[in-house]
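I opened this entry to record what I looked up, taking the sheet and then a charged side chain. My notes follow in the order in which I checked things.

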Amino acid sequence: ACDNGKGYIYKVAAGAIKETLDCAKVPGDTCKLTDTRAATAEQAGLYTKLAKNSGSNCTVARYAIFATKGNTEVVELVCSDGSGAIGMFPATGKGTVLDCGHALVAGYKCTLGKPDYSALTADLRKFDKKECTVSSVGQPLKATDGTIRLEVACSDGLPGYMISFTDPQTPKEAVGCAFAGNCTLPTNKAKGKS
């Protein structure tokens with residue numbers, strides 16, 4: 001425990017520090033000498049700042065840390081309105097915050113906050129698919145051309161679409177499930193087939 005209220009766990013092997021864990025980023029009862037509530041609140045404030053610097057309006061209420069990829073910290077964020085997002089924050093430079101729908105395309109799944117699929121609905125509008133408001137999503141699939149395909153269902157119960165992405169934020173095309181194949185959500189399966 002440190003004088004400034006922060007705390008760390010050091011994993012030591014053969015007299016050398018092998019790993020450092022910040023008490024603000026480990027499960028609640030792991031650190032015994034540090035007030036993790038204060039550390040967690042401070043860390044949520046930091047993630048709010050990083051999210052805002054990335055162009056997001058998320059005021060972080062809760063968070064969970066994914067495994068670090070290189071020098072990028074990946075964090076599941078729960079915003080004060082209850083919506084979920086995934087933040088990817090490099091050690092230097094501007095980060096990225098993805099809504100739960102686009103996070104699936106990047107390989108992450110929101111589990112803590114409520115998913116907001118309005119950005120996927122906006123993607124469909126780019127392809128003149130104005131009748132569909134996205135209500136749920138399937139598992140992302142990698143296509144042979146390297147794009148990621150994400151199945152979406154519509155709130156009206158009519159068949160949805162398969163949206164192809166060149167990267168997590170760039171939709172390439174949207175094809176109706178009747179023509180796309182590989183659609184598995186209940187409202188998207190072709191009628192008369194099982």
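Entry one, the sheet. I looked up the strand order and found that 4 strands make up an open sheet, arranged 3-4-5-6, with antiparallel pairing. At its edges I noted strand 3, residues 60-65, and strand 6, residues 96-99, each of which pairs on one side only. I also checked the twist, and on average neighbouring strands of this sheet are turned by 30 degrees against each other, with direction ignored. I keep in mind throughout that this is a predicted model.

Entry two, one strand pair. I followed strand 5, residues 84-90, to strand 6 and found the two running antiparallel, joined by 4 bridges. Looking up A85, I found that its bridge partner in strand 6 is D99.

Entry three, an arginine. I located R149 in strand 9, which spans residues 148-154. Which side chain of opposite charge is nearest to R149, and how far away is it? I found E173 at 6.8 Å, and R149, although buried, has no salt bridge; the cut-off I applied for a salt bridge is 4 Å between a side-chain nitrogen of Lys or Arg and a carboxyl oxygen of Asp or Glu.

I then looked for backbone oxygens by the side chain of R149. That of G181 lies 3.3 Å from a polar atom of this side chain, while the backbone oxygen of A180 lies 3.4 Å from a polar atom of the R149 side chain. Leaving aside residues up to four places away in sequence, I listed the residues that R149 touches, among them Q139, P140, L141, M162 and N182, as well as A180 and G181.

Key: Residues are numbered from 1 along each chain as its sequence is written. This is a predicted model: local features need pLDDT of at least 70, side-chain atom pairs count only at pLDDT 80 or more; totals for chains, interfaces and linings use all residues. Side-chain values use heavy atoms; hydrogens and water are left out. Two strands pair if DSSP finds at least two bridges between them. Axes are lines fitted to C-alpha atoms, for helices over the stretch in contact, and angles run from 0 to 180 degrees between N-to-C directions. Buried means under 20% relative accessible area, exposed over 50%, partly exposed in between (1.4 Å probe, protein chains only). Lys and Arg count as positive and Asp and Glu as negative; His and the chain ends are not counted. A polar contact is a pair of N or O atoms within 3.5 Å; within protein, one must be able to donate a hydrogen and the other to accept it, and residues adjacent in sequence count only if both atoms are side-chain atoms. Contact means heavy atoms within 4.5 Å.
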